[in-house]
Amino acid sequence: MMQAVAQVGQWLGLGGSIVANLFNPRVIVIGGYFASLAEWLLPHAQDQLQRLVVAAPAAQCRFVASTPGFGAASRGAASMVVNRIIDDPTTIMDSLPRPTAY
């Protein structure tokens, strides 16, 4: 089991090195199921990232685990809807069914 997790960490590191070489981010955030396995995944991912990164500034990139948990995406989507309604309450009227004439 731990060998499989280590291998996934190495693949994350490979993907992260590609991102780091292209965009030079300071942080790569790992979420979802990966966040719950962060303590086992991230050391392998970080080692792979450091070995494969090309530019010196990109070497400062690091992996971190997301803290909001599995509900982050649904909370973010809900907040977008709520903010849209707060910005313009009349937008909700467009999506309500209209009564039909008999």
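Colleague: Why is A35 called buried?

Modeller: In this predicted model, A35 has a relative accessible area of 18%, and the word buried is kept for values under 20%, so A35 qualifies. A35 lies in helix 2 and, leaving out residues up to four places away in sequence, touches I30, A65 and S66. The C-alpha atoms of A35 and V5 are 12 Å apart, with their positions 30 residues apart in sequence.

Colleague: What makes W40 partly exposed?

Modeller: W40 has a relative accessible area of 35%, and partly exposed covers what falls between the 20% limit for buried and the 50% limit for exposed, so W40 takes the middle term. W40 is found in helix 3, where its contacts beyond four places in sequence are with M2 and V5. The C-alpha atoms of W40 and V5 are separated by 6.9 Å, although the two are 35 residues apart along the chain.

Colleague: How do you know that N21 counts as partly exposed, and what does N21 touch?

Modeller: The relative accessibility of N21 is 34%, which lies above the 20% limit and below the 50% limit, and therefore N21 counts as partly exposed. N21 has its place in helix 1 and touches L52, V53, V54 and A55, not counting residues up to four places away in sequence. As for A6, which is 15 residues from N21 along the chain, the two C-alpha atoms are separated by 22 Å.

Colleague: What is the phi of N24, and why is N24 called partly exposed?

Modeller: N24 has a positive phi of about 55° although it is not a glycine. Most residues other than glycine have a negative phi. N24 lies in the loop between helix 1 and strand 1, and its relative accessible area of 39% falls between 20% and 50%, so N24 is called partly exposed.

Colleague: Which residues of strand 1 are on its covered face and which on its uncovered one, and why do you say that strand 1 pairs with strand 2?

Modeller: In strand 1, residues 27–30, I28 and I30 form the covered face, while V27 and V29 form the uncovered one. Strand 1 and strand 2, residues 62–65, share four bridges in the parallel sense, and pairing requires at least two, so the two strands count as paired. Within this pairing, I28 stands opposite F63 in strand 2.

Colleague: How do you know that the reach of helix 3 is close to the expected one?

Modeller: Helix 3, residues 38–52, has 15 residues and reaches 20 Å from its first C-alpha to its last, against the 21 Å expected at 1.5 Å a residue. The buried residues of helix 3 are A38, L41, L42, A45, Q46, Q48 and L49, and what covers them includes helix 1, strand 1, helix 2 and strand 2.

Colleague: Which members of the largest nonpolar core touch the most other members?

Modeller: The core has 14 residues, of which A20, I30 and F63 touch the most other members. Helix 1, strand 1 and helix 3 each supply at least two residues of this core, and helix 3 gives the most to it, with five residues. Among the residues that I30 touches, beyond four places in sequence, are L12, A35, L42 and F63. In soluble globular proteins, nonpolar side chains tend to be buried together.

Colleague: How does the radius of gyration of the protein stand against that of a compact globule of 102 residues?

Modeller: The protein has a radius of gyration of 21 Å, whereas a compact globule of 102 residues would have one near 13 Å. The C-alpha atoms fill a box of roughly 70 × 35 × 20 Å, taken along the principal axes. Buried residues make up 24% of the 102 residues, and the protein exposes about 7,600 Å², of which carbon and sulfur atoms supply 64%.

Colleague: What pattern does the protein follow along the sequence, and how are its contacts spread in sequence separation?

Modeller: The pattern reads α-β-α-α-β-α-α, and the secondary structure comes to five helices and two strands. Of the contacts between residues at least 6 apart in sequence, 72% join residues at least 24 apart.

Key: Residues are numbered from 1 along each chain as its sequence is written. This is a predicted model: local features need pLDDT of at least 70, side-chain atom pairs count only at pLDDT 80 or more; totals for chains, interfaces and linings use all residues. Side-chain values use heavy atoms; hydrogens and water are left out. Buried means under 20% relative accessible area, exposed over 50%, partly exposed in between (1.4 Å probe, protein chains only). The expected span of a helix is 1.5 Å times one less than its number of residues. Contact means heavy atoms within 4.5 Å. A nonpolar core is a set of buried Ala, Val, Leu, Ile, Met, Phe, Trp, Tyr and Cys residues joined through side-chain atoms within 4.5 Å. The radius of gyration is taken over C-alpha atoms; the globule rule is 2.2 Å times the number of residues to the power 0.38. Accessible areas come from the Shrake-Rupley method with a 1.4 Å probe; for residues, only the protein chains shown count as cover.
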